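Subject: Structure handover

Hello,

Here is the structure for your files. Please look it over before reading the notes underneath.

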Amino acid sequence: MRTAGRHIAGLFAATAASAMAVALATSAQAQDASTTSSTAAGEVVVTGTREVGTTVFSSLSPVSVYSGQTLNSTISTNLGQTLAEISPGFDVKRLPAADGPEFIQPLSQYNLSPDFTLILLNGKRFHNSAYIEGSGNSSGSQSSDLNQIPSIALGSAQLLTDGASAQYGSDAIAGVVNLITNIKPGLDVFAQGSQYYAGDGTSGQFGLRAATALPGGGHLMVATEYSNDGLTSRTIQRPDAISFQAANPQLTLSNPVQRWGNPSTTSWKYAFDGAEPIGDFAEGYIFGTMSNGSGIADINWRNPTTNASVYGANPALGAAPNIFPGFNVNNIYPGGFTPREGTNYNDQQVDIGIRNMKSDVFTWDVSASYGHNDTGFFLDNSINASLGPASPLNFQLGHYMDTDFDLNADFNYRLKNNFTADPIDIAFGAQRRVETFEARSGDLASYEVGPGAAAGLAPGANGFPGINLQQAGTHSETSYAGYVDIAVPITKQAKIEFAARDESYDLFGNTFNYKIAGAYQFIPDQLQMHVSYNTGFKAPTPGQIFSTSTNQGLDSVTLQLVTSGRISPLNPLAQALGAKALTPETSTDINGGINWHTHFGLSGSVDLFQIDVANRLQTSPSFTLTPAEIAQLEASGVVGASAFSSVSFYTNAFSTATRGINLSSTYIRHLGPGSFNLTGLFSYYNTQVTSGSLSAATQDAARLEYEKSAPDYNATVTATYTVGKFSALGRMRYYGSWTDSSGNATGTLFESFPGVAFLDLELTYKVTPNLFIRTGAENIGDFYPAQATNQANRGLIYSRNSPYDTNGGDYFVRVQADF
């Protein structure tokens, strides 16, 4: 505790000046509880605490609550993108042409790995996506996909910005997002259409939620949401395509030959929530989500003059005239080709249980949950060059699946005594969790090594080789956990909390984590200080431990295709190259701050934090392969290894320290004939690599990706004015400077981008008490950020790694009816 105290004191001293400056700058700002972030200070929260009756103000950990109306206030059909727009501590990167992330788009907090933030649905763990990210500072991350949950089904989102592994287990290093379904009786329907100013990215949405009270005292809610988002393209013609066109005037190339922008996606999402009393002692409940959808996007154009592994050293003669006489890829793709990568997915989560939450003394909840994500990939407009004329042009690449099955028993006892102001709250429980990762092989042609490989022709579907039989398989991990969480109200104004959790994993052993927190109200219900210290962990998933993959990328300078393999750290070659069995990523989190609430409408908070993470997961440096090592991989069953130029593997490589401050301030007042509300949210966070492989001087490039690839400063200011049937909203979003990176044959290129601000405006008209029409635009000024000059030769105008939308202004119309 002395160490924790010194850290807290240092953290406050280092950032006190910034906190005071920002607090003074925003003390006059405010928010509407129904349309902005932190709801009323008296709202009950269930995230970061197991004590019944805890409110936003009295919580020992910083919690922000966003209403369902706020979650439906942006144009985006992706819940993660919505949270990133309204909460400046989060970001979502769109990553076009990235072999999967353009469809998954995981949510990241404080520029840490996306799987450092735990996602809950009604307080229960939401399962992981089957997709594992392959690049950048999220390399190796396997996290939940928020895009599987329909926003219309949600009543609120509670964001805990403090470590909580001692309470919830793995993944809660940076914090927790708890999504609460809306079971209020009624019928909500909406339809929305939007389009970018440039005339593309046309999007249509439809949603419905219906809920009713059941005769026995329970409830039933069902919801559905449909969305269809069109492609965007912010692209210039590639210089090598211009040269190729000039040299071959008899051909007509598309302009551009490939599109950089949002993918085309279609999705259906469903949610349900039901409960009914069982006699007088308990209540049975069930809730969950289901979704299915698809998406498709361009990946890199294949230039006939620079792709000898497809067209052969002399394209005019055919790729391999001695092996495939008379066959020439030029007869199929004379102007090169742009593979189109796509996904089809299905996702389900079901939680069922029995609980007694009515008692003032002892409550309990026994439940089981099942979550499953099945993500399949396909590739159109491509070729397996090693098969020659036998190759198809469209491929099914295989499926990744992740299944989570949990058993939970949670109990809460309020111990009345003569020594504390109120009863001591004692929560305890146990959990058994089984996570299973499965890879299923694709079409034989998607990974087959054909006879042309002997002549140097690339095996597998060009652009995204399929999952082969050796990569396919099923792997599971089982864990058992027990926890205790004790909150002691020492006086009416002072409270302390201690939580501990012990968890055992069959793949790597035991982990023990704890949390100590305290709060003191200087002015009851008006001014409180809170502080906490906790340890946390992120367990390696079966997918991270056992999966392998084949990747193809484009050198941003030479424009040559590069094929590389990622192998399991348990592979004998990986072990020979220095790989070791993965261990948990571990953390310590120090958090302290103040929050205030006044009777005249002014409220807010300042929170300081530092998150230290050790054993962080990273893709190892690429190892160039010798012929003997390639033969070793082939002998171990790695199909297609003959085309590998290098291999890598996941490894626990380094440690980081992330320090920051979150500030919010709100104020609500009557102004003229209406009401005026103003919101200010500010977040600063900075990550430094403190030890490990990335701390070496030779790793400056890789280290910069973790320290500077996202803005340090982000802010959101929202103003609303309501009078009569009209309501106007203006939102300013500011993103600070950041540094982009792109790989090439000589190393990594970096490019810095200045801070940018976007303005969103919308107007709502209440046609009747139940019918609303809302119209407006995000980025109403149609502002574009600085262009990414380092990647212009690939056709990119704006960075693919941008933490904000680079498609320009987006206008919309939404019609909504609530009954």
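The notes below cover the basis of the values, the chain as a whole, one sheet, one surface patch and one residue.

This is a predicted model, in which local features need pLDDT of at least 70 and side-chain atom pairs count only at pLDDT 80 or more, while totals for chains, interfaces and linings use all residues. Residues are numbered from 1 along each chain as its sequence is written, and side-chain values use heavy atoms, with hydrogens and water left out.

Chain overall

The chain has 12 helices and 35 strands; these are DSSP runs numbered from the N terminus, helices being H or I with at least four residues and strands E with at least two. Of its 819 residues, 60% are buried (under 20% relative accessible area; exposed is over 50%, partly exposed in between; 1.4 Å probe, protein chains only). Taking contacts (heavy atoms within 4.5 Å) between residues at least 6 apart in sequence, 71% join residues at least 24 apart. The exposed area is about 30,000 Å², with 60% of it supplied by carbon and sulfur atoms (Shrake-Rupley method, 1.4 Å probe; for residues, only the protein chains shown count as cover).

Sheet

Five strands form an open sheet with mixed pairing, in the order E1-E6-E7-E4-E5; two strands pair if DSSP finds at least two bridges between them. Strands E1 (63-67) and E5 (124-125) are at the edges with a single partner strand each, so one side of each has no neighbour in the sheet. The pairing of E1 with E6 (residues 154-160) is antiparallel and runs over five bridges. Tyr66 has Ala157 in E6 as its bridge partner.

Nonpolar patch

Phe726, Leu763, Tyr765, Val767, Ile773, Val813 and Val815 make a nonpolar surface patch of about 530 Å². Patch residues have over 30% relative accessible area and no salt bridge (a side-chain nitrogen of Lys or Arg within 4 Å of a carboxyl oxygen of Asp or Glu); nonpolar side chains (Val, Leu, Ile, Met, Phe, Trp, Tyr) are joined within 5 Å, and like charges within 9 Å. Strands E33 (756-768) and E35 (810-818) each supply at least two of the residues, and E33 gives the most, with three. Ile773 lies in strand E34 (residues 771-778) and is partly exposed, at 35% relative accessible area.

Ser291

Ser291 sits in strand E12 (residues 282-298) and is buried, with a relative accessible area of 4%. Its side chain makes a polar contact with the side chain of Gln148 at 2.3 Å (a pair of N or O atoms within 3.5 Å; within protein, one must be able to donate a hydrogen and the other to accept it, and residues adjacent in sequence count only if both atoms are side-chain atoms). Leaving aside neighbours within four places in sequence, Ser291 is in contact with residues including Gln148, Trp268 and Tyr345.

Regards
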